[in-house]
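Here's a quick look at some side-chain features, written for someone who'd rather be at the bench. Have the structure open while you read.

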Amino acid sequence: MKNKEVQNQMKAGNSVDQIMLGDYPKALTDAIMNTMNTYKDISAKLLNNEALLDKFARIWLESFISNLNKGTV
């Protein structure tokens with residue numbers, strides 16, 4: 001959604017096939033690649049810092065428990 005050209009194509013009412021012929025495939029690939037790098041960096045930081053990993057694990061666990069109690073899992 002950060003790619004203005006792709007946004008313009010969607011707003012113009014272009015079909016999925018038309019958008020697929022435009023900038024969307026490259027924008028998606030770029031987004032996936034950027035995400036991979038981000039997660040790699042975060043993973044390395046977590047695995048190299050036991051206190052940070054513990055805090056991260058507790059936050060996610062609390063989130064999972066909350067979602068379970070709400071019935072959203």
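## Exposure first

A residue is called buried when its relative accessible area is under 20%, exposed when it is over 50%, and partly exposed in between. F64 has a relative accessible area of 47%, so F64 lands in the partly exposed group. Keep in mind that this is a predicted model.

## Rings along α4

Scan the whole structure for aromatic pairs and you get two. In one of them, W60 and F64 sit 5.6 Å apart centre to centre, with 35 degrees between their planes, which makes the pair tilted. Both residues belong to helix α4, and the four-residue spacing between W60 and F64 is about one turn of that helix.

Like F64, W60 is partly exposed: its relative accessible area is 41%. Add F56 and you have a cluster, with ring pairs linking F56, W60 and F64.

## Two salt bridges

How many salt bridges does a search of the whole structure find? It turns up two. One joins K26 to D30, with 2.9 Å between the closest N and O atoms. Both partners are in helix α3, four residues apart, or about one turn. K26 is exposed at 55% relative accessibility, because the cut-off for that label is over 50%. D30, at 34%, is partly exposed.

The other bridge pairs the side chains of R58 and D54, again listed at 2.9 Å from N to O. R58 and D54 are both in helix α4, which covers residues 50–70, and four residues (about one turn) separate them. D54 is partly exposed, with a relative accessible area of 39%.

## A nonpolar patch on the surface

Now for the greasy side of things. V16, M20, Y24, L28, I32, M33 and M36 make up a nonpolar surface patch of about 650 Å². Helices α2 (16–21) and α3 (24–47) each chip in at least two residues. Which helix gives the most to this patch? That's α3, with five residues.

V16 is one of the patch members, and V16 is found in helix α2. Is V16 buried or exposed? With a relative accessible area of 63%, V16 is exposed, since that value is over the 50% cut-off. Patch members need over 30% relative accessible area, so V16 clears that bar too.

Methods: Residues numbered from 1 in each chain as written. Predicted model: local features only at pLDDT ≥ 70, side-chain atom pairs only at ≥ 80, totals over all residues. Heavy atoms only, no water. Patch = residues over 30% accessible without salt bridge, like charges linked within 9 Å, V, L, I, M, F, W, Y side chains within 5 Å. Areas by Shrake-Rupley, 256 points an atom, 1.4 Å probe, with all protein chains shown as cover. Salt bridge = Lys/Arg side-chain N within 4 Å of Asp/Glu carboxyl O. Buried < 20%, exposed > 50% of the residue type's maximum accessible area, 1.4 Å probe, protein only. Phe/Tyr/Trp six-rings, centres within 6.5 Å; stacked < 30°, edge-to-face > 60°.
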